[in-house]
Amino acid sequence: MQKIVTESFVSCSLENDKTSTGNDELRHTLTKEIVMTTTRPRILDCSVESCSYNKTKSCGAAAVTIGYAQTCTTFIPLTIKGGLKDASTFVGACQKADCTHNSGLECTAEAIRVGAHTADCLSYEAR
Ligand code: SF4
């Protein structure tokens, strides 16, 4: 899993705010959040075009949850489209404890694929 820590960006942002106090604590919190969001498993692609978050076979949600039935619980087939303009969607949580990539109900895979009619995690591998 790739870790990208943009410490210089955090430092630069804090230096511009001369009135703030507790910068070290804020820097620690921001860096922790950045590491968390950049080390999560990405969604390589999603073929479920009936989902409101789907954008040309990719997911537009900020994050998804894979449920215990192996389906993406973020899936929703509404008549409107949603999601972010430029999403780098990641797996926020996964309830498939019997998957070889699952550790403590979190996905440890580098990336996953989602597909089939019911938005299954196609990267699931039984232990
Ligand atoms: S690969 Fe396994 S652990 Fe990761 S999201 Fe899919 S089912 Fe969950």
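1. A residue is buried if 20 or more other C-beta atoms lie within 10 Å of its own, exposed if 12 or fewer, and partly exposed in between, with C-beta atoms placed from the backbone. V48 counts as buried because it has 20 C-beta neighbours inside 10 Å.

2. The model is predicted: local features need pLDDT of at least 70, side-chain atom pairs count only at pLDDT 80 or more, and totals for chains, interfaces and linings use all residues. Residues are numbered from 1 along each chain as its sequence is written.

3. Overall make-up. The protein has two helices and seven strands. These are DSSP runs, numbered from the N terminus: helices are H or I of at least four residues, strands E of at least two. Their order along the sequence is α-α-β-β-β-β-β-β-β. Of the 127 residues, 21% count as buried. Contact here means C-beta atoms, placed from the backbone, within 7 Å. Among contacts between residues at least 6 apart in sequence, 63% join residues at least 24 apart.

4. Strand pairing. Two strands pair if DSSP finds at least two bridges between them. β2 (residues 63-66) and β3 (residues 90-94) are parallel, with four bridges. V64 has V91 of β3 as its bridge partner. β1 and β6 also run parallel, joined by four bridges; there D45 is partnered by R113 of β6. β6 and β7 (residues 120-121) run antiparallel over two bridges, and V114 stands opposite C121 in β7. Four residues separate β6 from β7 in a hairpin, and A116 in the turn has a positive phi of about 70 degrees.

5. Strand faces. In a regular strand the side chains alternate between the two faces of the sheet. In β2, V64 and I66 point to one face and are buried, whereas A63 and T65 point to the other and are not. In β6, I112 and V114 make up the covered face, and A111, R113 and G115 the uncovered one.

6. The core. A nonpolar core is a set of buried Ala, Val, Leu, Ile, Met, Phe, Trp, Tyr and Cys residues joined through C-beta atoms within 7 Å. The largest one has 19 residues; I43, C59, V64, I66, C72, V91 and V114 touch the most other members. β1 (42-46), β2, β3 and β6 (111-115) each supply at least two of its residues. β3 gives the largest share, three residues. Beyond four places in sequence, C72 touches V64, I66, V114, A119 and C121.

7. Two loop residues. V48 sits in the loop between β1 and β2. Past four places in sequence, V48 is in contact with N54, F75, V114, G115 and A119. V48 and A119 are 71 residues apart in sequence, yet 6.1 Å apart C-alpha to C-alpha. D98 lies in the loop between β3 and β4 (102-103). D98 counts as exposed because it has 11 C-beta neighbours inside 10 Å. Leaving out residues up to four places away, D98 touches A126 and R127. From D98 to A126 is 28 residues in sequence and 5.9 Å in space, C-alpha to C-alpha.

8. The ligand. Which residues are closest to the ligand? They are C94, K96, C99, C107 and C121, among 14 that surround the ligand. A residue is near a molecule if its C-beta atom, placed from the backbone, lies within 6 Å of it. This shell divides into nine nonpolar, four polar and one charged. Ala, Val, Leu, Ile, Met, Phe, Trp, Tyr, Cys and Pro count as nonpolar, Asp, Glu, Lys and Arg as charged, and the others, Gly among them, as polar.

Notes
Two residues are in contact if their C-beta atoms, placed from the backbone, lie within 7 Å.
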